[in-house]
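The exercises below are meant to be worked with the sequence and the structure side by side. Try each task before reading its solution.

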Amino acid sequence: MAAPETAGTTASGAGSQKKRSLIQLFADIPTIVRELVAGEIELLKQEMIRKLKALGVGAGLLVVALIFVFATLGVLLTAAVFALSLIMPGWLAALLVAAVLLIIAVIFGLVGYRTLKKGIPPIPSDTIDGLKKDLNVIRGVGRTS
């Protein structure tokens, strides 16, 4: 008979335990939410650090690759000068290759300058004009009839 009393006591004790834990849970909600937000912020920091490290290493490797590309370009230009020196004097071959490179650089420079000029000043003027129109409509100044 001791077993049924224990079961009854346990059942009633569990019921009051559940009520207390539910009330305690409601009381702990602000702390739980605060800890959850802090944990999410910490995960965000760790993820950003991991991604920024990968970005830095990747950028460094790309810079090294670019250095080797420039070195290769120098060797190819030297080969072009040597190839042209078979049909003309070496100094003239070097001047010809330099002139071609200068013409290419001027073309890219002019195209880049014109493209850059389109973006100056870097102010989103179309968006600002649209926002001003929206603000005027909200104020009732720019209504269209």
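**Exercise 1. Compare the span of helix α3 with the span expected for its number of residues, and describe what follows the helix.**

Solution. Start with the extent of the helix in this predicted model: α3 covers residues 125-139, which makes 15 residues. From the first C-alpha to the last, α3 reaches 21 Å, and this is close to the 21 Å expected at 1.5 Å a residue. Then step past the end of the helix, where G140, just after α3, takes a positive phi of about 95 degrees.

**Exercise 2. Set out the secondary structure of the chain and state how confidence varies among its elements.**

Solution. The chain holds three helices and zero strands, so that, read from the N terminus on, the order of elements is α-α-α. Turning to confidence, the mean pLDDT of the chain is 82, with 83% of the residues scoring at least 70. Among the elements, helix α2 (residues 90-118) has the highest mean pLDDT, 93, whereas α3 has the lowest, 78. Finally, look at residues 1-13, over which pLDDT stays under 50 and for which the model has zero contacts beyond four places in sequence.

**Exercise 3. Find the salt bridge of the structure and place its two partners.**

Solution. A search of the whole structure gives one salt bridge, and its partners are E47 and K51, whose closest N and O atoms are 3.2 Å apart. In general, side chains of opposite charge can pair when their charged atoms come close. Next, locate the pair: both E47 and K51 lie in helix α1, four residues apart, which is about one turn of the helix. An α-helix has 3.6 residues a turn, so residues three or four places apart point the same way. As for exposure, E47 counts as partly exposed because its relative accessibility is 32%, and K51 counts as partly exposed because its relative accessibility is 49%.

**Exercise 4. Which residues make the nonpolar surface patch, and how is L25 placed?**

Solution. The patch, of about 700 Å², is made by L22, L25, F26, I29, I32, V33, V37 and I41. Taking L25 as one of these residues, find it in helix α1, which spans residues 2-84. With a relative accessibility of 43%, L25 counts as partly exposed. To set the patch against the whole chain, note that the accessible surface comes to about 12700 Å², with 74% of it belonging to carbon and sulfur atoms, and that 2% of the 145 residues count as buried.

Definitions and conventions:
Residues are numbered from 1 along each chain as its sequence is written. This is a predicted model: local features need pLDDT of at least 70, side-chain atom pairs count only at pLDDT 80 or more; totals for chains, interfaces and linings use all residues. Side-chain values use heavy atoms; hydrogens and water are left out. Patches are made of residues with over 30% relative accessible area and no salt bridge: like charges are joined within 9 Å, nonpolar side chains (Val, Leu, Ile, Met, Phe, Trp, Tyr) within 5 Å. Accessible areas come from the Shrake-Rupley method with a 1.4 Å probe; for residues, only the protein chains shown count as cover. A salt bridge is a side-chain nitrogen of Lys or Arg within 4 Å of a carboxyl oxygen of Asp or Glu. Helices (H or I, at least four residues) and strands (E, at least two) are DSSP runs, numbered from the N terminus. Buried means under 20% relative accessible area, exposed over 50%, partly exposed in between (1.4 Å probe, protein chains only). The expected span of a helix is 1.5 Å times one less than its number of residues. pLDDT is the predictor's confidence in each residue, from 0 to 100. Contact means heavy atoms within 4.5 Å.
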